[in-house]
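Please take a moment to look over the chain as a whole before turning to its parts. The report below is meant for someone meeting this structure for the first time.

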Amino acid sequence: MMLQVLTKASFRRQVLCLKRLQSTVGEASTAQLRTSNSLKKPQFDFKYYNENIDLFNDICEKRNTKNTLGDDFSELFSNYSNLKKELLDIKQDQKKLQKELKDIKILQKKDPSNSAVHKDKEAKLFEDLSKFKPLIKKNEDKLIELEDELTIRADGLPNLIDPSVKSKQTLLGYINPTEELTNSKEEDFPLIPIETLDHKDIMERLGLVDFQLATKISGRGWYYLIGDGALLEQALVQYALSKARQNGFKMVIPPSIVKTEITNACGFKPRDTNNERQVYELKHDNLCLTGTAEISLAALHSNDEIKIKDLPMNYVGVSRSYRAEAGAAGRDTRGLYRVHEFTKVELFSWTENNVEVSNKHFEKIVDFQIDFIKSLGLTARILKMPYDDLGAPAYQKIDIEALMPGKGSWGEVSSTSNCLDYQSRRLTTKYRDSQDSKLKYVHTLNGTACAVPRIIVAIIENNYDPKSDSIKIPDVLVPYMDGKTVISKE
């Protein structure tokens, strides 16, 4: 019987959730209130948001995004708080009457001579108690409705912003800089495309890739890597995984398809602010193809309590990744730079809920990326990204952009973000603090170990020798390339 009561309550709650959801925030938030058993509903500190409305107005303005709290958040929070107190008072009154009823029953046994008096009192108590049930139900339903409305609004907000983040990107330094870069005083060093170093032309001529056939088979934005082109991809994957393991990252091969609610909880929306599709959705199954292993790695400890002795916890995942927005026209879509499907090696970490601790770990991930790019002999720049380039979960972000002379620009090859407890709160990943033994949400961090196609672009455009019509393989990759030191036409 108890199971039936809980099931009805759960069903009533979901109906109310969906009604509120449809009326306020539309398609972008439809997965925020859970409709399956994968995730619990996220718990937000509504009081904190109510006290920091101006802060989030500023954050949303800096990030160029909508403040989902709305103008009436304080009014809704006040109604919610008052109703919560009112409901508590009603339940306390109900408990008082229940205790009186229990005492009357005891008196009836001890003093049978006054049975009639006791029965009259008992009848009156039953009558008074019968009024509580519908009153409590009415207030609980309203409280659920208000709580879900507040949850949706808080859930739509982006993360806080680290004080070091500015309105414009900041150049932090170079990796393997050329003499021109070293001597230059310009922060955004001007580049001119060198057509003879265009990776697409080189790869097609050497038989390393086939875009034309892939377009016929799959559409624009797909490709076949062939021969040494395919071997180069696998060499990069194995080298990146080896370096990650040496740095204490545990290897994982995660799924590339996850439930839509997992994608949303990680801060990846199926559509961006311009309503352009970003994520491939399997709508009939409520599933998404992941754009990065970050999503499935983050979910690996959803609804979990991590032991503090295991923090920081570091994983490296290799997976196929899918981006729906990659097919837009423009030079960025030429060749392998921006494609719909690619292999990516991703770093993911959980730390204690302490900004100093997670920011130090953030620096370690960036150091790994710098060392990886440096070891490949690539010239690159390190950038602190501005407000409006932060994804919703990111507290701060550093990108590394490699020099791509054939493309005539810098191309992003890695990115590292500290997400604080943005993802863990939505995925319910906690640990018990050693100081006060309280459960706290962990901080999550993610970083690119190797975005394979873009690294291939950088290697080819920097290592191609027009005289011999061949590509020099970076020394660190030679052991993974069957001992080959160059790639030439087969």
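What follows moves from the whole chain to one helix, a group of paired strands, some salt bridges and a patch on the surface.

The model is a predicted one, and the chain in it holds 15 helices and 19 strands. Of its 490 residues, 50% count as buried, while the accessible surface comes to about 24,700 Å², of which 51% belongs to carbon and sulfur atoms. When contacts between residues at least 6 apart in sequence are considered, 73% of them join residues that are at least 24 apart.

Helix H3, which spans residues 53–63, has Phe56, Ile59, Cys60 and Arg63 as its buried residues. These four lie on the same side of H3, because the arc they cover around the axis is only 95°. The face turned away from that buried side carries Asp54 and Glu61, which are exposed. Helix H2 (46–51) is included in what covers the buried residues of H3, and after H3 comes Asn64, whose phi is positive, near 60°.

Among the strands, S13 (residues 409–418) can be followed through its pairings. Nine of its ten residues are buried, so S13 is largely enclosed by the rest of the structure. Strand S12 (residues 396–404) runs antiparallel to S13 and is joined to it by nine bridges, with Asp399 standing opposite Ser415 of S13. Four residues lie between the strands in the hairpin of S12 and S13, where Gly408 takes a positive phi near 70°. S13 is also joined by three bridges to strand S16 (residues 443–451), again in an antiparallel arrangement, and the bridge partner of Asn418 in S16 is Leu445.

Charged side chains can be considered next. A search of the whole structure finds 28 salt bridges, and the table lists some of them with the distance between the closest N and O atoms.

| Salt bridge | N to O distance |
|---|---|
| Arg153 and Asp72 | 2.5 Å |
| Lys309 and Asp310 | 3.4 Å |
| Lys344 and Glu346 | 2.5 Å |

Which parts of the chain does the pair of Arg153 and Asp72 tie together? Arg153 belongs to helix H6 (residues 132–155) and Asp72 to the loop between H3 and helix H4 (73–110), so the salt bridge ties together parts that are 81 residues apart in sequence. Arg153 counts as buried, at 12% relative accessibility, whereas Asp72, at 31%, counts as partly exposed.

In the pair of Lys309 and Asp310, Lys309 counts as exposed, with a relative accessibility of 64%, and Asp310 is partly exposed, with a relative accessible area of 31%. For the pair of Lys344 and Glu346, Lys344 is buried, with a relative accessible area of 8%, and Glu346 is buried as well, with a relative accessible area of 1%. Elsewhere, Lys41, Glu147 and Asp148 are joined into one network by salt bridges that share partners.

On the surface, a nonpolar patch is formed by Leu213, Ile217, Tyr224 and Ile226, which together have about 360 Å² of accessible area. One of these residues, Tyr224, lies in strand S3 (residues 224–225). Tyr224 counts as partly exposed because its relative accessible area is 37%, a value that falls between the cut-offs of 20% for buried and 50% for exposed.

Definitions and conventions:
Residues are numbered from 1 along each chain as its sequence is written. This is a predicted model: local features need pLDDT of at least 70, side-chain atom pairs count only at pLDDT 80 or more; totals for chains, interfaces and linings use all residues. Side-chain values use heavy atoms; hydrogens and water are left out. Patches are made of residues with over 30% relative accessible area and no salt bridge: like charges are joined within 9 Å, nonpolar side chains (Val, Leu, Ile, Met, Phe, Trp, Tyr) within 5 Å. Accessible areas come from the Shrake-Rupley method with a 1.4 Å probe; for residues, only the protein chains shown count as cover. A salt bridge is a side-chain nitrogen of Lys or Arg within 4 Å of a carboxyl oxygen of Asp or Glu. Helices (H or I, at least four residues) and strands (E, at least two) are DSSP runs, numbered from the N terminus. Buried means under 20% relative accessible area, exposed over 50%, partly exposed in between (1.4 Å probe, protein chains only). The arc is that of the directions from the helix axis to the C-beta atoms. Contact means heavy atoms within 4.5 Å. Two strands pair if DSSP finds at least two bridges between them.
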